[in-house]
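Please open the structure in your viewer and keep the sequence panel beside it, since each stop on this tour asks you to select a few residues and then look at what surrounds them.

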Amino acid sequence: MANYALILAGGSGTRFWPLSRNAKPKQLLDLFGNGTMLRQAVGRLEGLVPAEHIFILTNALQEEEVRRQVPELPHDNIVAEPARRDTAPAVSLGIALIAAKDPQANMIVIPSDSLILDDKAFRALAEDALSLSSRQAALMTIGIRPTWACPSYGYIERGAELEDSALSHHCYEVLRFREKPDAATAEQYLASGNFSWNAGMFIWNVAHVRSQLAKHAPELADFIQRLTESGDIASFIAEEFAKLTPISIDFALMEKADRVLNFEATFDWDDVGSWISVGKYLQKDAASNATNTALCTQDASGNIVFSAQGKQVALVGVEDLIVVDTGDALLVAHRDQADKIKNIVSQLPDSLV
């Protein structure tokens with residue numbers, strides 16, 4: 001069975017303003033000097049999925065930049081969703097596009113905005129999971145071993161380990177999906193040792209996931225069936241996609257599926273959810289100032305400085321600030337207020353969002 005991949009690349013750009021904008025959000029930025037996160041996601045699939053089998057879902061505002069960054073993909077493999085409908089309709093659209101090519105394919109779904117540095121380890125695990133998807137009637141996830149009691153992630157509760165001599169990675173039966181917990185519950189999950197973070201990465205056989213959608217999410221199964229039978233896929237998407245009910249893939253399918261398996265990631269992972277996350281990967285000085293540009297400090301510590309144009313920056317007598325300069329805009333925020341950056345975007349002129 002052939003391997004295919006779906007990359008979800010339609011997120012907004014509010015958390016990383018002013019560097020990110022609606023037309024160029026996090027996944028289309030080079031935050032760490034080693035290529036954009038979208039380019040890294042595509043490169044991560046090299047040797048696992050051929051370029052002609054990689055599909056990318058984005059939106060109309062970002063489509064041009066996605067095509068510019070990934071010119072090696074066939075034109076029809078990059079699709080702009082005509083409306084925002086959450087992850088279940090998006091993933092179903094990807095399933096339909098792949099099913100139209102190969103109804104027996106094995107398929108991996110990954111987000112475009114996760115940072116994974118060990119591509120070799122990712123490919124090894126993904127290869128194991130794709131192989132298993134042709135042997136087991138199950139939907140599969142890749143979970144991240146929690147490093148702290150994070151209340152901002154969904155969790156996956158694991159049961160018994162799967163016994164399969166052909167596997168080279170640990171894989172577990174999934175007992176249930178848990179939504180984002182409060183801090184105390186997250187501590188309990190961490191202490192139990194049998195929970196993983198839900199990283200939004202899925203593997204399955206196309207025929208099997210369609211059968212599960214038919215049982216648990218018939219609206220999406222019907223959409224997939226009609227798209228595969230359509231003589232004009234582009235027109236069908238334009239007319240029918242926006243009619244789908246907005247719902248996450250976890251709610252629509254994964255929490256209801258007959259059987260779900262969870263591979264524990266053997267690679268590093270970071271969802272890079274804010275400028276605080278970016279700061280972890282920038283060069284640091286003795287006072288824990290993180291920067292991507294020339295930085296001169298006096299009595300300054302714990303700051304994050306990012307200059308899109310490589311400007312010389314000087315900090316005096318300040319600590320725990322986020323300073324981001326893009327030439328046309330300047331952000332100065334306290335580290336403790338990083339989550340509120342997205343809120344100020346609505347107050348800015350249209351030319352800066």
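Before selecting anything, keep in mind that this is a predicted model.

**Stop one: strand E1 and its neighbours**

Begin by selecting strand E1, residues 3-8, where five of the six residues are buried, so the strand is largely enclosed by the rest of the structure. Now add strand E4, residues 106-111, which runs parallel to E1 and is joined to it by six bridges. Strand E2, residues 54-59, also runs parallel to E1, and here four bridges make the connection. A useful residue to label is Leu6, whose bridge partner in E4 is Val109 and whose bridge partner in E2 is Phe55. If you then show helix H1, residues 37-44, you can follow the chain through a right-handed β-α-β unit made by E1, H1 and E2.

**Stop two: the loop between E1 and H1**

Stay with this part of the chain and select Pro18, which is found in the loop between E1 and H1. The peptide bond that joins Trp17 to Pro18 is cis, with omega at about 10°.

**Stop three: Gln62**

Next, select Gln62 in helix H2, which spans residues 60-69. Is Gln62 buried or exposed? Its relative accessible area is 0%, so Gln62 counts as buried. Setting aside neighbours within four places in sequence, the residues in contact with Gln62 are Ala9, Gly10, Gly11, Asn22, Ala23, Pro25, Gln27 and Leu28. With Ala9 you can also compare two kinds of separation, as Gln62 and Ala9 are 53 residues apart in sequence, while their C-alpha atoms are 8.8 Å apart in space.

**Stop four: the nonpolar cores**

In soluble globular proteins, nonpolar side chains tend to be buried together. For the example in this model, select Leu45, Ile56 and Phe267, which touch the most other members of the largest nonpolar core, a set of 49 residues. Helix H4, residues 119-133, supplies the largest share of this core, with seven residues. Centring the view on Leu45 and leaving aside its neighbours within four places in sequence, you will find it in contact with Ala5, Ile7, Ile54, Ile108, Ile110 and Phe122. There is also a second, separate core of 43 residues, and to locate it you can select some of its members, including Ala90, Met107, Trp204 and Met254.

**Stop five: strands E6, E7 and E8**

Move on to strand E6, residues 155-161, which is joined by five bridges to strand E7, residues 171-178, with the two running antiparallel. In this pairing, Glu157 stands opposite Arg176 in E7. E6 also pairs with strand E8, residues 195-205, again in the antiparallel sense, over three bridges, and here the residue to look for is Ile156, which stands opposite Ser196 in E8.

**Stop six: helices H6 and H7**

Select helix H6, residues 206-216, together with helix H7, residues 218-229, and turn the view until you can see both axes, which are 6 Å apart and meet at an angle of about 130°. That angle makes H6 oblique to H7. To see where the two helices touch, show the side chains of Arg210, Leu213, Ala214 and His216 in H6, which meet Pro218, Leu220, Ala221, Ile224, Gln225 and Thr228 in H7.

**Stop seven: Val272**

Further along, Val272 has its place in the loop between strand E9 (260-264) and helix H10 (275-279). Its phi is near 45°, a positive value in a residue other than glycine, and at 0% relative accessibility Val272 counts as buried.

**Stop eight: the five-stranded sheet**

For the last stop, select the open sheet of five strands, which has the order E10-E11-E13-E15-E16 and mixed pairing. Which strands stand at the edges? They are E10 (283-284) and E16 (330-334), each with a single partner strand, so one side of each is left without a neighbour in the sheet. The partnership between strand E15, residues 321-325, and E16 is antiparallel and extends over five bridges, with Val323 standing opposite Val332 in E16. Finally, select Asp320, which lies in the loop between strand E14 (313-316) and E15. Although Asp320 is not a glycine, it has a positive phi of about 60°, and its relative accessibility of 29% means that Asp320 counts as partly exposed.

How values were computed
Residues numbered from 1 in each chain as written. Predicted model: local features only at pLDDT ≥ 70, side-chain atom pairs only at ≥ 80, totals over all residues. Heavy atoms only, no water. Core = buried A, V, L, I, M, F, W, Y, C linked by side-chain atoms within 4.5 Å. Buried < 20%, exposed > 50% of the residue type's maximum accessible area, 1.4 Å probe, protein only. Contact = heavy atoms within 4.5 Å. Pairing = 2+ DSSP bridges. Right-handed = clockwise from strand over helix to strand, strands pointing away. Axes fitted to C-alpha atoms, helices over the stretch in contact; angles between N-to-C directions. Parallel < 35°, antiparallel > 145°, perpendicular 65-115°, else oblique.
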